[in-house]
Amino acid sequence: MRPPGGGSDPPAAALELHDVSKQYPGNPPVTALAGMSVRISHGEMVAVVGPSGSGKSTMLHIMGTLDAPTSGAVLIEGVDTSSLDDDALAAIRGRRVGFVFQRFFLLPGTSALDNVANGLLYTGIPRPQRREAAAASLERVGLGARAQHRPSELSGGEMQRVALARALVHEPAFILADEPTGNLDSAASKAIIDLLHSLHDEGRTIIVITHNREIASALPRELTVLDGRLTADTTGEAGTP
C-alpha cells in the first residue's frame, strides 16, 4: 500500500529516524544509539551493516517499534510513532511492518499455510480470507506445494521462505530482515537473498540487518553502524535523513 499523495507534496517515506538516541540504565548509562537520522523511501533495498555490538539490533528494534527511543522520532509512512499508545503501536507493527528473523519463529505444530495466515491475525480479516492470502503469499516465495507441511517437514531455507511469506502477507510498508541467512547453508542463503532481490524488483521496501559485508555490498544502499552511530551511507552523507 502506497501512502496517499497530497497535491504536489512528496509521499511520506516508508521509514524515517530523526536524531534517534537510545540509552539503557547503568552507571554510567549505556548508549546504544546516538543521534541517528536516516530516511528510507518506498521501494528501496537497504543493508544495515556493522560488527556485533555496533547498535544494529537496537536500530532494528526501534525501526520496528519493538522498543522506543530515549529521544528523537521514528516515523512510519509519516506517522510519528512516539504519539501512539501500546495498542496503536501493536496495530502499526501488525499492519505496516514485516519481520523476518534469523530463527524463523514458526509454530511447530502448525502448517506453513496457517503460520503465514497468522500474520493477519490482528487485522480483523476473517479466517478463510486470511488463509487465501497466505496461500498466495506462499506461492510468491515458491512454496505453494508445501503449504500443508509443518516446520519439522521443511528445510531451513524453506522455513525462512515461510517466515518471509508471513512478513509479506499483510502488504507492509517495509520488511525488516534480521540476519535472514544466519542459520542457513550457502545454497539456501543465496536463494533467500535472490528472493529478496526479486521482491525488491517488484517494488517492495526491504531493510536487511547483517554483519555480512558480502551480502551488504550486493544491496543497492548500505548503511554502516559503529558504536551506535551511522558512520556511512552509500547514497548520502552519514547522519542525514
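**Figure 1. Overall view of the predicted chain and its surface.** The chain exposes about 11,200 Å², and carbon and sulfur atoms supply 51% of that area. In this predicted model, buried residues make up 48% of the 241 residues. The secondary structure comprises seven helices and 10 strands, and the C-alpha atoms fill a box of roughly 50 × 40 × 40 Å along the principal axes. The radius of gyration of the chain is 18 Å, which agrees with the value near 18 Å that a compact globule of 241 residues would have. Of the contacts in the chain with a separation of 6 or more, 70% are accounted for by residues 24 or more positions apart.

**Figure 2. Charges and salt bridges in the chain.** The chain carries 21 positive and 27 negative charges, and the mean positions of these two sets are 5 Å apart. Side chains of opposite charge can pair when their charged atoms come close. The count of salt bridges in the model comes to 12, and three of these pairs are taken up in the views that follow.

**Figure 3. Close-up of the salt bridge between Glu-44 and Arg-221.** The closest N and O atoms of Glu-44 and Arg-221 are 3.0 Å apart, and the two residues form a salt bridge. This pair links distant parts of the chain, since Glu-44 lies in the loop between strand E2 (30-40) and strand E3 (45-49), whereas Arg-221 belongs to strand E9 (residues 221-226), 177 residues apart. Both partners are buried, Glu-44 with a relative accessible area of 19% and Arg-221 with a relative accessible area of 6%.

**Figure 4. Close-up of the salt bridge between Arg-140 and Glu-202.** The side chains of Arg-140 and Glu-202 meet in a salt bridge with an N to O distance of 2.5 Å. Here too the pair links distant parts of the chain, with Arg-140 in helix H4 (residues 127-140) and Glu-202 in the loop between helix H6 (186-201) and strand E8 (206-210), 62 residues apart. Arg-140 is partly exposed, having a relative accessible area of 24%, and Glu-202 is likewise partly exposed, having a relative accessible area of 46%.

**Figure 5. Close-up of a salt bridge within helix H6, with a note on a network.** Lys-190 and Asp-194 form a salt bridge in which the closest N and O atoms are 2.7 Å apart. Because Lys-190 and Asp-194 are four residues apart in helix H6, about one helical turn separates them. Lys-190 is exposed, with a relative accessible area of 54%, while Asp-194 counts as partly exposed at 38% relative accessibility. Elsewhere, salt bridges that share partners join Glu-44, Arg-221 and Asp-233 into one network.

**Figure 6. Close-up views of backbone geometry at Pro-28, Asp-19 and Glu-179.** Most residues other than glycine have a negative phi, and most peptide bonds are trans. A cis peptide bond, with omega of about 5°, joins Asn-27 and Pro-28, and Pro-28 is placed in the loop between strand E1 (15-24) and E2. Asp-19, a residue other than glycine, has a positive phi near 50°; Asp-19 is found in strand E1 and counts as partly exposed at 47% relative accessibility. Glu-179, which is not a glycine either, has a positive phi of about 45°. The place of Glu-179 is in the loop between strand E7 (174-178) and H6, where Glu-179 is buried, with a relative accessible area of 13%.

Technical notes:
Residues are numbered from 1 along each chain as its sequence is written. This is a predicted model: local features need pLDDT of at least 70, side-chain atom pairs count only at pLDDT 80 or more; totals for chains, interfaces and linings use all residues. Side-chain values use heavy atoms; hydrogens and water are left out. Helices (H or I, at least four residues) and strands (E, at least two) are DSSP runs, numbered from the N terminus. The radius of gyration is taken over C-alpha atoms; the globule rule is 2.2 Å times the number of residues to the power 0.38. Buried means under 20% relative accessible area, exposed over 50%, partly exposed in between (1.4 Å probe, protein chains only). Contact means heavy atoms within 4.5 Å. Accessible areas come from the Shrake-Rupley method with a 1.4 Å probe; for residues, only the protein chains shown count as cover. Lys and Arg count as positive and Asp and Glu as negative; His and the chain ends are not counted. The place of a charge is taken as NZ of Lys, CZ of Arg, CG of Asp or CD of Glu. A salt bridge is a side-chain nitrogen of Lys or Arg within 4 Å of a carboxyl oxygen of Asp or Glu.
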